[in-house]
Amino acid sequence: MLYYHDPQNAKSYAAMCEGYDASAQLEILSKVLPREATLLELGSGPGNDLKLLAARYEVTGSDYSPAFVHMLKARFPNQTILKLNAISIATDGLFDGIYSNKILQHLNDDELADSFRRQAQLLNQGGIVFHLIWRHIESPGGDNDLLFKPRSLSQMTAAMGNDFELLEALDFGEFEDGDSLAILARKK
Ligand SMILES: C[S@@+](CC[C@H](N)C(=O)[O-])C[C@H]1O[C@@H](n2cnc3c(N)ncnc32)[C@H](O)[C@@H]1O
């Protein structure tokens, strides 16, 4: 079973993230994405960011883990929640923005490039992607098959290919200075 598909692992992750607050990073998004815009979140997990995003956007939450989808539907009964893999993103909607927080480290390089190609298809003209990623952090390890691949800005822009124009990139710290990167880009 995939790591986050196990309800116990999803529950422990949710407990660990209680009180986590990404509002400082979301300020960056609010500069370019107007209120009421449509936004798809990939890998919403327990939904701490979804709660903040829902106050401003017409947001769709998603995750590939049935355990997290179940948790999200219980926590946000009035919100659209989809079971989506961030690689194939098998939905037919069109969005003004796509967001994720600390999920892209679980995709290998080919999957990341596929994900960005699909994100470009799902965005309206001039649509925005905003992704928070690990730049460097030790893999949490453990006896599981979860890929954990932090990335540099240049690796991320390479994965985005020619579909996106980088608008802003900002280092920030979650556990230590500069361990994380916020990337804002616009569909060309
Ligand atoms: C470290 S957690 C982050 C969760 C949430 N974004 C947060 O900030 O708390 C990684 C999340 O990515 C999800 N995930 C991992 N690989 C995925 C994939 N290929 N497609 C969709 N979600 C994925 C996991 O189920 C989990 O919810």
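# A first look at the pocket, sheet and helices

Sorted by class, the residues lining the largest pocket comprise 22 nonpolar, 15 polar and eight charged ones. Welcome to this structure, which is a predicted model. Besides that pocket, there is an open sheet of seven strands, and two of the helices that lie across strands of this sheet, H5 and H6, also come together with their axes within 8 Å. The points below take these topics in turn.

**The largest pocket**

- The space in the largest pocket comes to about 1100 Å³.
- Its lining is made up of 45 residues, and those nearest the centre of the pocket are Tyr4, Tyr13, Lys102, Gln105 and His106.
- Two helices, H1 (7-16) and H3 (48-54), each give at least two residues to this lining.
- H1 provides the largest share, with four residues.

**The sheet**

- Reading across the sheet, the strand order is E3-E2-E1-E4-E5-E7-E6, and the pairing is mixed.
- The edges are held by strand E3 (80-83) and strand E6 (164-172); each has a single partner strand, so one side of each has no neighbour in the sheet.
- On average, neighbouring strands here are turned by 15° against each other, with direction ignored.
- Strand E1 (residues 38-42) pairs with strand E4 (residues 95-101) in the parallel sense, over four bridges.
- For a single example to find in the model, look at Leu40, whose bridge partner in E4 is Ile98.

**Helices across the sheet**

- Helix H5 (residues 109-122) lies across five strands: E1, E4, E5 (123-134), E6 and E7 (180-187).
- Relative to E5, helix H5 runs at about 145°.
- Helix H6 (residues 153-160) lies across E5, E6 and E7, and its direction makes an angle of about 25° with E7.

**Where H5 meets H6**

- The axes of H5 and H6 cross at roughly 55° and come within 8 Å.
- That crossing angle is why H5 counts as oblique to H6.
- On the H5 side, the contact is made by Leu112, Ala113 and Phe116, while H6 brings Met156, Ala159 and Met160.
- By class, the residues of this contact are six nonpolar, no polar and no charged.

**The cavity**

- How many cavities of 30 Å³ or more does a search of the whole structure find? The search finds one.
- The volume of the largest cavity is about 40 Å³.
- Its lining consists of Leu104, Gln105, Ile133, Trp134, Lys149, Pro150, Arg151 and Met156.
- Five of these lining residues are nonpolar, one is polar and two are charged.
- Two of the names have already appeared above: Gln105 lines this cavity and is among the residues nearest the centre of the largest pocket, while Met156 lines the cavity and also takes part in the contact between H5 and H6.

Definitions and conventions: Residues numbered from 1 in each chain as written. Predicted model: local features only at pLDDT ≥ 70, side-chain atom pairs only at ≥ 80, totals over all residues. Heavy atoms only, no water. 1 Å grid on protein atoms, 1.4 Å probe; cavity = no way out; pocket = protein on both sides within 12 Å on 5 of 7 lines; lining within 4 Å. Points joined across faces, edges and corners; volume = space filled by probe spheres on them. Nonpolar A, V, L, I, M, F, W, Y, C, P; charged D, E, K, R; others polar. Pairing = 2+ DSSP bridges. Axes fitted to C-alpha atoms, helices over the stretch in contact; angles between N-to-C directions. Contact = heavy atoms within 4.5 Å. Parallel < 35°, antiparallel > 145°, perpendicular 65-115°, else oblique.
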